[in-house]
Amino acid sequence: KHQVPGSIPGTRIFKFKASVWGVFWYNELMKASNFKFNDWVVYWSGNWSVLSMSYWGEIYTGKPFTSEMDQCVKYMVIVWQRGKSEAFGRESEKEKFGRKFNALVKSNAGYMDSLFLKTKKATDQFLGFEKQHFGKDITIDQYKKFQNILNRIYYPLFIQNKISADYLDKDILDKYFSKIEKVRKYITPVFDRSEKFMIKLAKIHARKTGYDYSFILSTIKKEFEDYLSGKLKLPSKELLESRLGSTAFLSKDGKTEVLNGKVVEEIERIVSARNNNEVLKGSTGYPGKITGIARVIIDPKNPGRFTEGDILVSGATRPDFLSIMKKASGFVTDSGGLLCHAAIVARELKKPCVVGTQVATRVLKDGDLVEVDASKGIVRKITK
């Protein structure tokens, strides 16, 4: 209210605001600095909504993870940036969980068969609920049931099935591989169906609130649940729009910090493996050697200029990528292992595939001429 003689009107207020912003920025960077490790790897990649992702860090890092295992990992970072979502975890923690899982299977002769049955049952439970309620204006109790089936029942079982081919002893893997692959194909559509369910629900509430449905999908767990229960209104459109631009979830021991804005770039820099080499290395999904034009696709609904014989490059693939995969001469992904969707489809279609490169979608550009030597798990750019 009081102006300093000779000063420009508003200067003191500006300095105060700048100071507050500086403190805020410093605090956000300090949160990010707690996650400075040198062994981050991509756990999964896709184009999930902010709302869906707001549940997952808690699942991975919470306790207990399952009745048999106390925790999956201690740390997780999930980043939404430029229309792409990625989950990063520490490789050392992933390896530790894989060893625990292998030990559990070795000590319990019936564990794998039990896991298969429970996972298929959870899948059927989810698909039954989804079919009954898809496109309907569900209550808060029904919504919580949906998320409980998906994230508390199905997801931990899915993760165990997903990692089994990468960590089981060879004799156990040889015994169960065909069954693991069959079950994995059966349960994979759940996440694609769950996101379509959320989009449909968001569109219902967009009509009610006057918000764009993409803003609804930029709320986080507590915000949307409080809104559905009638406790609170939705956050401002300005906040939701900023999250739609870039958002990061920093999870540790079941607790999650949500950050958005420029600090997300710093977080992504911390957890992203930067590789400017012309050669990428990954795991063989299906052997073979091809040369072709790389087409980087994150959202299969927008395949761009993809033509017959191009090489599909993506963070990961899901069932809705199948029409593109049939046209492709081969596949390269950031994430995934022997039983990821891309590897399974590659074996079915007999097309060269390299998975788990970590950085393919960052290093390869749309239109690059690349050679994929899937037999060696190598992808390299070719200078035209």
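This briefing covers two sheets, the helices that pack on one of them, two helix pairs and one buried serine. The model is predicted. One open sheet has 8 strands and mixed pairing. The other open sheet has 5 strands and antiparallel pairing. Helix α5 is roughly parallel to α8, since their angle of about 25° falls under 35 degrees. Helix α7 is roughly perpendicular to α14.

**The 5-strand sheet**

- The strand order is β1-β3-β2-β4-β5, and the sheet is open.
- The edges are taken by β1 (40-46) and β5 (255-260). Each has a single partner strand, so one side of each is left without a neighbour in the sheet.
- From one strand to the next, the twist averages 20°.
- Strand β4 (residues 246-252) pairs with β5 over 6 bridges, in the antiparallel sense.
- Within this pairing, Lys252 stands opposite Lys255 of β5.

**Helices on the 5-strand sheet**

- Helix α11 (residues 237-245) packs on the sheet and touches β2, β4 and β5. The direction of α11 makes about 80° with that of β4.
- Helix α4 (residues 91-107) lies across β1, β2 (75-81) and β3 (84-90). Helix α4 runs at about 70° to β3.
- Strand β2 is touched by α11, and α4 also lies across β2.

**The 8-strand sheet**

- The order reads β6-β13-β12-β8-β9-β10-β11-β7 in this open sheet.
- The edge strands are β6 (279-281) and β7 (283-286), and each pairs on one side only.
- The twist averages 30° from one strand to the next.
- Strands β12 (residues 369-373) and β13 (residues 378-381) run antiparallel and are joined by 4 bridges.
- Val370 has Lys381 in β13 as its bridge partner.

**Helix pair α5 and α8**

- Two packed helices are described by the angle between their axes and the distance between the axes.
- Helix α5 (residues 111-133) and helix α8 (residues 189-209) pack at about 25°, and their axes are 11 Å apart.
- That angle makes α5 roughly parallel to α8.
- The α5 and α8 crossing is left-handed.
- On the α5 side, the contact is made by Thr123, Phe126, Leu127, Phe129, Glu130 and His133. On the α8 side, Val190, Arg193, Ser194 and Phe197 take part.
- By class, this contact of α5 with α8 has 5 nonpolar, 3 polar and 2 charged residues.

**Helix pair α7 and α14**

- Helix α7 (residues 170-187) packs with helix α14 (residues 341-349) at an angle of about 110°. The axes of α7 and α14 lie 11 Å apart.
- That angle makes α7 roughly perpendicular to α14.
- The crossing of α7 and α14 is left-handed.
- From α7 come Phe177, Glu181, Arg184 and Lys185. They meet His341, Ile344, Arg347 and Glu348 in α14.
- By class, the contact of α7 with α14 has 2 nonpolar, 1 polar and 5 charged residues.

**Ser52**

- Ser52 sits in helix α2 (residues 50-53).
- Ser52 has a relative accessible area of 7%. Ser52 therefore counts as buried, because buried means under 20%.
- Leaving aside residues up to four places away in sequence, Ser52 touches Glu195 and Met198.

Methods
Residues are numbered from 1 along each chain as its sequence is written. This is a predicted model: local features need pLDDT of at least 70, side-chain atom pairs count only at pLDDT 80 or more; totals for chains, interfaces and linings use all residues. Side-chain values use heavy atoms; hydrogens and water are left out. Two strands pair if DSSP finds at least two bridges between them. Helices (H or I, at least four residues) and strands (E, at least two) are DSSP runs, numbered from the N terminus. Axes are lines fitted to C-alpha atoms, for helices over the stretch in contact, and angles run from 0 to 180 degrees between N-to-C directions. Angles under 35 degrees count as roughly parallel, over 145 as roughly antiparallel, 65 to 115 as roughly perpendicular and the rest as oblique. A crossing is left-handed if the near helix is turned anticlockwise from the far one by less than a right angle, and right-handed if clockwise. Contact means heavy atoms within 4.5 Å. Ala, Val, Leu, Ile, Met, Phe, Trp, Tyr, Cys and Pro count as nonpolar, Asp, Glu, Lys and Arg as charged, and the others, Gly among them, as polar. Buried means under 20% relative accessible area, exposed over 50%, partly exposed in between (1.4 Å probe, protein chains only).
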